[in-house]
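Trainee: I am new to this structure and would like a close look at one part, taken slowly. Please show me how its helices are packed and covered.

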Amino acid sequence: MTKRALVLAGGGIAGIAWETGVLCGIADEAPEAARALLGAEILVGTSAGSTVAAQLGSGLGIEQLYERQLAATSGEIDPGVSIDTITGVFLAALSDPAATPRQKLQRIGEIALSTPTVAEGVRRAVIEQRLPSHDWPDRDLRVTAIDTATGELVAFDRSSGVGLVDAVAASCAVPGVWPPVTIGDRRFMDGGVGSTVNMSVASDCDGAVVLVPSGRNSPSPFGSGAVAEVDGFSAPAFGVFADDEALAAFGPNPLDPACRIPSARAGRAQGRRVAADVAAFLSGLQ
């Protein structure tokens, strides 16, 4: 049996809305392909993608999830932090050219721990309202996060002994924006710090479709970026990157709740445009 993966990358509130829209747009034009994606044997979610992956496992249909993105109000809160602030966190961590990638991640972890943010409980409440179900689904859902002390990438699943809300909150804990999440005696930050896609977490699949809410030419502070990671994956992989229309819809700050509705609509339009290509890729895996 072919084991397919749906890999959902990080990208803020805009990313959650766009990825949901893309899946809905694929369902509009290629229902069979959409069923294959939504029923993928492996779901990998990083940061924003962890929210979408958890929502897909909740039992709600993709149209219902899309309508949630279009709701006039939501429980999202504006962190009041710009992309320039986040960029500054990375620049501070990357300033030492002799540091290893793990050491750079540890430095980002130190910054995440020392930056004043809202309380963990306030942020957790936001994640709770995002997820229709707070229980791990009975399927292979993998949620990434990074240990702030060690820089280690961790993939939580239903066998990890960690609640789904805490796992998603950890995966979405953007350093310098949201508080690291306490799980046991460890603190975790955003799973997308080192890689927005974390393709290695899906290394046991036979093929993957990857939704990436950033442009193909977006810079990466670590390694060669998502395009190279998808193209160099150990199994066939098809990446859907945000196009120019979607990037315009995201606006200057993908963490701003105001970008949610336009990003969802742009995602649905792009999903319709790429549906045939996604369907062709999936048919080649059978």
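Mentor: Helix axes here are lines fitted to C-alpha atoms over the stretch in contact, with angles from 0 to 180 degrees between N-to-C directions. Helices (H or I, at least four residues) and strands (E, at least two) are DSSP runs numbered from the N terminus. The model is predicted, so local features need pLDDT of at least 70 and side-chain atom pairs pLDDT 80 or more, while totals for chains, interfaces and linings use all residues. Residues are numbered from 1 along each chain as its sequence is written, and side-chain values use heavy atoms, without hydrogens and water.

Let us begin with helix H1, residues 12-29, whose 18 residues should span 26 Å at 1.5 Å a residue (times one less than the number of residues), and whose end C-alpha atoms are indeed 26 Å apart. Of these 18 residues, 15 are buried, so that H1 is mostly covered (buried means under 20% relative accessible area with a 1.4 Å probe, protein chains only).

H1 packs with helix H11, residues 260-285, at an angle of about 40°, and the two axes lie 6 Å apart. That angle makes H1 oblique to H11 (neither under 35 degrees, nor over 145, nor 65 to 115). The crossing of H1 and H11 is right-handed, the near helix being turned clockwise from the far one by less than a right angle. Among the residues of H1 that make the contact are Ala14, Ala17, Trp18, Gly21, Val22 and Gly25, while H11 contributes residues including Ser263, Ala264, Gly267, Gly271, Val274 and Val278 (contact means heavy atoms within 4.5 Å).

For another view of how a helix is covered, turn to H6, residues 101-114, whose 14 residues reach 20 Å from first C-alpha to last, close to the 20 Å expected. In H6, Lys104, Leu105, Ile108, Gly109, Ile111 and Ala112 are buried. Seen down the axis of H6, these buried residues fall within an arc of 160° and so line one face of the helix, the arc being that of the directions from the axis to the C-beta atoms. The cover over the buried residues of H6 includes helix H5 (83-93) together with strands E3 (140-147) and E6 (186-190).

Strand E3 holds Ala145, which counts as buried because its relative accessibility is 0%. Leaving out residues up to four places away in sequence, Ala145 touches several residues, among them Leu153, Phe156, Ala170, Phe188 and Met189.

Notes: Buried means under 20% relative accessible area, exposed over 50%, partly exposed in between (1.4 Å probe, protein chains only).
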